[in-house]
Amino acid sequence: VIASEPVKNLYVNLPFCPSLCGFCNFYKNDMRTYDKYFSGVDLARHLLQEIQLYRPLISNKLASVYFGGGSPLEIPGDFLKKLLTALHQEFDLSEAEITVESNPFWAKDKKIYDVELFNRISIGVQSFDPGSLKVLHRSLSPDADFLNRIGSFIPHVSVDMVYDIPGTTADSFLNDVRCAVKLDAEHLSWYSLEITSSVFEKKLPRYEDDSAFKREWSTLLTMLGDSGYERYEISNFAKKGQTSKHNMAYWEHRPYLGIGPGAFGALFLENEPTSATFPQNQASAIRYRNKRHLGLYLKDLNESKKPWESSESLSVVDLENEFVFLSLRRSVGLDLTEYQNRFGKSFLMEHQMILDRHEEAFKQENGSLKLTESGLLYYNSLCSDLMI
Ligand code: SF4
């Protein structure tokens, strides 16, 4: 069902932010909490030590490294430089996409941009509209100078936006799209507030009815398409050849190592233990989450233990469902031959009744099953129908 393969994608969760945004669902800490646990602690050394707990499972050559979770560039001292330098020494990163998440303004220490240790920046803008940012309880407003000039420091730039902020008018939404397109970033993500935040869910609906949403979403798709962006995933758009290698690993259902407080990871293992640090009866696929308490996280690492808060072995049914819902997010769709090879059965035969019921939502092209544009609008409910 699942081939064990060495991990080539590394996610480093750094959940520390200069100010906490009210809308944000992620596990996060303000800088005071960071200081409480980490002042005088060599965080880079701890993260490198955490990697060593999994070292036999990791390829020597990585495809991507992603520093996210908060504001990695705001972590004081030369933390990021030290960690990146050590990663470059430990792994072959010559072809790796190395992304750092960023606020939409300059970091305190601009020297960090001169260091040629990372090659991609993912900027959380969310909206250009002050009213919308206020609704999100987000004090981190975009700085035009930063957004216009960061591309001359870092070769690859991605911008994150949110589209269904309560109280947004059709005009301010249109203005957000225009401003984002004008930046000419090579990659744009446009997520629904509903999935990035439970705070606003259902309380203050942005759209009175489906048709208002469809109208705005269709404008967004047209404007991005006209500006050279291809929609390669349900919420992600890229100029030619500029898809995110790291995120593709998630959507292609590949293993990834997550380190840092609160990080998620997914490992696909041989049934035989590949490392003495794993239990003998290890299942072939495991998903875990690291502890969301900085003190407990550090304690585990100090005892050379994996700082897992929870973990679950994935069953064949879990893997099948994940493969289906991740594949249908992508514009290339679900590869029917790959499904047959992985699960030993025909996806079409297995799901014919549901496919017939939602005929207009699916199309078959080049041996793959894809969602049509109207199908993508109902992605969640279609996926739950397809789950086994
Ligand atoms: S949106 Fe970003 S900066 Fe704001 S609290 Fe969440 S992780 Fe931190």
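A cavity is a set of grid points where a 1.4 Å probe fits but cannot get out, whereas a pocket is an open set. Keep that in mind as you work through this predicted model.

**Exercise 1. Find the enclosed space.**
How many cavities of 30 Å³ or more are there, and which residues line the largest cavity?

*Solution.*
Step 1: Start with the count, which comes to one cavity of 30 Å³ or more.
Step 2: Add the volume: the largest cavity holds about 30 Å³ of space.
Step 3: Now look at the lining, which is made of Ser71, Leu73, Glu74, Glu101, Ser102, Asn103, Phe105, Ala107 and Tyr113.
Step 4: Sort these residues by class, and you get four nonpolar, three polar and two charged.

**Exercise 2. Describe an open space.**
What is the volume of the second largest pocket, and which residues are the closest to its centre?

*Solution.*
Step 1: The second largest pocket has a volume of about 260 Å³.
Step 2: Its lining has 15 residues, and the closest to the centre are Ile75, Gly77, Asp78, Asp109 and Ile112.
Step 3: By class, the lining of this pocket divides into eight nonpolar, one polar and six charged residues.

**Exercise 3. Put three strands in order.**
In what order do β12, β13 and β14 lie in their sheet, and which are the edge strands?

*Solution.*
Step 1: The sheet is open, with the order β12-β13-β14 and antiparallel pairing.
Step 2: The edge strands are β12 (264-268) and β14 (308-313), since each pairs on one side only.
Step 3: From one strand to the next, the twist averages 20 degrees.
Step 4: Zoom in on one pair: β12 and β13 (residues 285-290) run antiparallel and are joined by five bridges.
Step 5: To see one bridge for yourself, go to Phe268, whose partner in β13 is Ala285.

**Exercise 4. Add a helix to a sheet.**
Which strands does helix α13 lie across, and how are those strands arranged?

*Solution.*
Step 1: Helix α13 (residues 347-357) lies across β15, β16 and β17.
Step 2: These strands form an open sheet in the order β15-β17-β16, with antiparallel pairing.
Step 3: β15 (334-335) and β16 (362-365) are the edge strands, each pairing on one side only.
Step 4: Four bridges join β16 to β17 (residues 368-371), and the two run antiparallel. For one of these bridges, find Glu365, which has Ser368 as its partner in β17.
Step 5: Finally, compare directions: α13 runs at about 25 degrees to β17.

Notes
Residues numbered from 1 in each chain as written. Predicted model: local features only at pLDDT ≥ 70, side-chain atom pairs only at ≥ 80, totals over all residues. Heavy atoms only, no water. 1 Å grid on protein atoms, 1.4 Å probe; cavity = no way out; pocket = protein on both sides within 12 Å on 5 of 7 lines; lining within 4 Å. Points joined across faces, edges and corners; volume = space filled by probe spheres on them. Nonpolar A, V, L, I, M, F, W, Y, C, P; charged D, E, K, R; others polar. Pairing = 2+ DSSP bridges. Axes fitted to C-alpha atoms, helices over the stretch in contact; angles between N-to-C directions. Contact = heavy atoms within 4.5 Å.
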